[in-house]
Number of protein chains: 2
Amino acid sequence: MPRRSAAEAEKTRESIVARAVDVASLEGLEGLTIGRLAGELDMSKAGVIGHFGSKEALQVAALEQAADVFRREVWDRAAAQKPGLPRLRAIAGAWVSYLERDVFPGGCFLTAASCEWDGRSGPVRERVAGTMDLWLGVLAREAREAGMDDPEQVAFELNAIAMGLNQRLQLHGDREAPGRARTAMARVLR
Amino acid sequence: MPRRSAAEAEKTRESIVARAVDVASLEGLEGLTIGRLAGELDMSKAGVIGHFGSKEALQVAALEQAADVFRREVWDRAAAQKPGLPRLRAIAGAWVSYLERDVFPGGCFLTAASCEWDGRSGPVRERVAGTMDLWLGVLAREAREAGMDDPEQVAFELNAIAMGLNQRLQLHGDREAPGRARTAMARVLR
DNA sequence: CCTACCGATCGGTAGG
DNA sequence: CCTACCGATCGGTAGG
């Protein structure tokens, strides 16, 4: 088989990561297997793992890609709003919408990853924790900008509501849940 | 090796389930392996799986045991209170305490299981969903008894807050989170 | 409840 | 990026 150009290799790598994100959102980052990925992409296992070096590095790449998607779907849609309450309200709306639209086939990747990795150790767990910390920090910063009493409390509650919504959607297909989440978030931001 | 009495066999079965619950709370029900369990219990794999017939049946047994623990730690501690708001407030307190005390080594078993199985199908998933539905139904019933406007909204929000607390405890060891959860639950129950 | 074993699959590597 | 292969482990079974 001919070696591919750097550009072609990059495209292949991206397609591997994209598939890894979808599989992992349904079955977890640990449930991801190189052999299955290879089968679905019509590649050899060596061809898949060669782009990353180890399963752990592939897991990290999938996590980074998922965080990029979250940022694009939630933060980017709200970033044009004025800092503080207007932006927080836009974030809340985009967040619920992101969950409602099933951007990942298995629901929120970050929530799933945090549940899967909160009892383990190593680079994947650290990256999950860091990503969540970063996001809660963003929320708290906006709440502070809005002059709210307890910005960390606001960040805590918004995040909790999003997790609750994700569970109701994924586990029960509860179509009333997005409305409940909007109501709860609006009360927190009142 | 001599066959054991029925009572001894039952004790062995219980010790297997207890260990399975601990392992699964840290690494998930799918991460559970018969070989590892056998090694930790100084048994053969056949001896372990013989009590259940399949890994799936072992997963279901672990889930049932975990639900029993949750009921004992949260519901039973509040059941003596008057139905309605007093009981809901007792449930909220016991729930936060249950998470704070790390009753399972890896945090709330039910939350972990719901994240792990919400993208899969089969008996384990159905049982996780049923258990969650049952619990949210209990919460809604108490909120209705308390005469609250929207009992399902109360159930949704309490559950969300518990999930958010579990994440902060497990992923970040955040010692302020229990207080935040109490504050948020109190506001929902105001 | 054990030993001994089954086929399948795991992550990963050598060499091209 | 492939073929061919490594040792380890997977869930599970036969037979006692």
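The largest cavity in this predicted model has a volume of about 100 Å³. A cavity here is a set of points, on a 1 Å grid over the protein atoms alone, where a 1.4 Å probe fits but cannot get out; grid points are joined across faces, edges and corners, and the volume is the space filled by probe spheres set on the points. The structure holds five cavities of 30 Å³ or more.

What lines the largest cavity? Counting residues with an atom within 4 Å of a point, the lining is made of A:E157, A:I161, A:A184, A:R187 and A:V188, along with B:E157, B:I161, B:A184, B:R187 and B:V188. The elements giving two or more residues to this lining are α8 (151-172) and α9 (177-188) of chain A, together with α8 (151-172) and α9 (177-188) of chain B. Helices are DSSP runs (H or I, at least four residues) numbered from the N terminus. By class, the lining has six nonpolar, no polar and four charged residues; Ala, Val, Leu, Ile, Met, Phe, Trp, Tyr, Cys and Pro count as nonpolar, Asp, Glu, Lys and Arg as charged, and the others, Gly among them, as polar.

Now for the DNA. Around strand C there are 19 residues, and the closest are A:T33, A:K45, A:K55, B:S44 and B:H51 (a residue is near a strand if one of its heavy atoms lies within 4 Å of it). Of the strand C atoms within 4 Å of the protein, 59% belong to sugar or phosphate and the rest to bases. A backbone N or O atom of A:K55 sits 2.5 Å from a phosphate oxygen of strand C, and an N or O atom in the side chain of B:S44 is also 2.5 Å from a phosphate oxygen of that strand. The largest share of the surface near strand C, three residues, comes from α3(A).

Strand D has 19 residues around it too, with A:S44, A:H51, B:T33, B:K45 and B:K55 coming nearest. Sugar and phosphate make up 57% of the strand D atoms that come within 4 Å of the protein. On this strand, a phosphate oxygen lies 2.5 Å from a backbone N or O atom of B:K55, and one lies 3.0 Å from a polar side-chain atom of A:T12. Here α3(B) gives the largest share of the nearby surface, three residues.

A few reading notes: residues are numbered from 1 along each chain as its sequence is written, while chains are lettered from A and ligands numbered from 1 in the order in which they are written. Local features need pLDDT of at least 70, side-chain atom pairs count only at pLDDT 80 or more, and totals for chains, interfaces and linings use all residues, while side-chain values use heavy atoms, leaving out hydrogens and water.

Terms used:
Polar contact = N/O pair within 3.5 Å; in protein donor to acceptor, adjacent residues only side chain to side chain. 1 Å grid on protein atoms, 1.4 Å probe; cavity = no way out; pocket = protein on both sides within 12 Å on 5 of 7 lines; lining within 4 Å.
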